Amino acid sequence: MNLRQRIVISVLLATAVVGIVFAFQMHEETEEPVRIGTVRQVFPPAGQAMLKQDTLFADLSFPYTGVLVVDEIEISEPQLKKVQVGDATRLSYTPGPNSLTGSLAAGKHHAVVRYWLPDRPNEVSGYSWDFDVR
């Protein structure tokens, strides 16, 4: 291999390395914002996607309780699971063939978490978001 070929190969390798580093730096992580209020976290995050077999959930600050609504269908117990996770209550629902919503079709969907304090069940608030199913 002569000197000219070595220089060309070196320049091409350097360009490839710079391109790879540039590509990794351009990638932005899509993290769900940390919420300070009652609704701490939802999955899937607003505007993001979930797989058909994923579980949909919302974390509420303690002592709030609530229900999930998926595509205008209110999810009730026993399909709505309520689990204490640290100082939050997780409301979760797994769509499927024998569930209230059935399996969610691919495409856009809408969810709402309605929540209230246990001693004030008539004072209902809500948080809604849209997500995609792949």
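Is Asp 87 buried, partly exposed or exposed? Asp 87 is partly exposed, because its relative accessible area is 48%, and the labels work like this: buried means under 20% relative accessible area, exposed over 50%, and partly exposed in between (1.4 Å probe, protein chains only).

A word on the ground rules. This is a predicted model, where local features need pLDDT of at least 70, side-chain atom pairs count only at pLDDT 80 or more, and totals for chains, interfaces and linings use all residues. Residues are numbered from 1 along each chain as its sequence is written, and side-chain values use heavy atoms, with hydrogens and water left out.

**Salt bridges**

The structure holds six salt bridges. To count as one, a side-chain nitrogen of Lys or Arg must sit within 4 Å of a carboxyl oxygen of Asp or Glu. Asp 87 is in one of them, with Arg 40 as its partner. That pair links distant parts of the chain: Asp 87 is in the loop between β6 (81-85) and β7 (88-93), while Arg 40 is in strand β1 (residues 39-43), 47 residues apart. Strands here are DSSP runs (E, at least two residues), as helices are (H or I, at least four), and both are numbered from the N terminus. Arg 40 is partly exposed, at 29% relative accessibility.

Here are three of the salt bridges side by side.

| Acid | Base | Closest N to O distance |
|---|---|---|
| Asp 87 | Arg 40 | 2.7 Å |
| Asp 59 | Arg 90 | 2.7 Å |
| Glu 77 | Lys 82 | 3.7 Å |

What does the Asp 59 and Arg 90 pair tie together? Asp 59 lies in strand β3 (residues 56-61) and Arg 90 in strand β7, so their contact joins parts that are 31 residues apart in sequence. Asp 59 is buried, with a relative accessible area of 6%, whereas Arg 90 is partly exposed at 24%. As for the remaining pair in the table, Lys 82 counts as partly exposed at 37% relative accessibility, and Glu 77 counts as exposed at 54%.

**Rings**

Arg 90 turns up again here: it lies over the face of Phe 57, at 3.8 Å from the ring centre. For a charge to sit over a ring, NZ of Lys or CZ of Arg has to be within 6 Å of the ring centre and within 35 degrees of the ring normal.

A search of the whole structure finds three aromatic pairs. Rings of Phe, Tyr and Trp (its six-membered ring) pair if their centres lie within 6.5 Å; planes under 30 degrees apart count as stacked, over 60 as edge-to-face and the rest as tilted. One of the pairs is Phe 43 with Phe 57, and it is stacked because the centres are 5.8 Å apart and the planes are at 15°. Phe 43 is in strand β1 and Phe 57 in strand β3, 14 residues apart. Phe 43 is partly exposed at 26% relative accessibility, while Phe 57 is buried at 12%.

Tyr 64 and Tyr 115 make an edge-to-face pair, with 5.8 Å centre to centre and 80° between the planes. Tyr 64 lies in the loop between β3 and β4 and Tyr 115 in strand β8, so this pair ties together parts that are 51 residues apart in sequence. Tyr 64 is partly exposed at 23%, and Tyr 115 is buried at 13%.

**Strand β4 and its neighbours**

How many residues of β4 are buried? Six of its six residues (65-70) are, which leaves the strand mostly covered. Thr 65, Val 67 and Val 69 point one way, Gly 66, Leu 68 and Val 70 the other way, and all are buried.

Two strands pair if DSSP finds at least two bridges between them. β4 pairs with strand β8 (residues 107-116) in the antiparallel sense over six bridges, and Leu 68 stands opposite Val 113 in β8. β4 also runs antiparallel to strand β5 (residues 73-75), joined by three bridges, with Ile 73 in β5 as the bridge partner of Val 70. β4 and β5 form a hairpin with two residues between them, and Asp 71 in the turn has a positive phi of about 50°.
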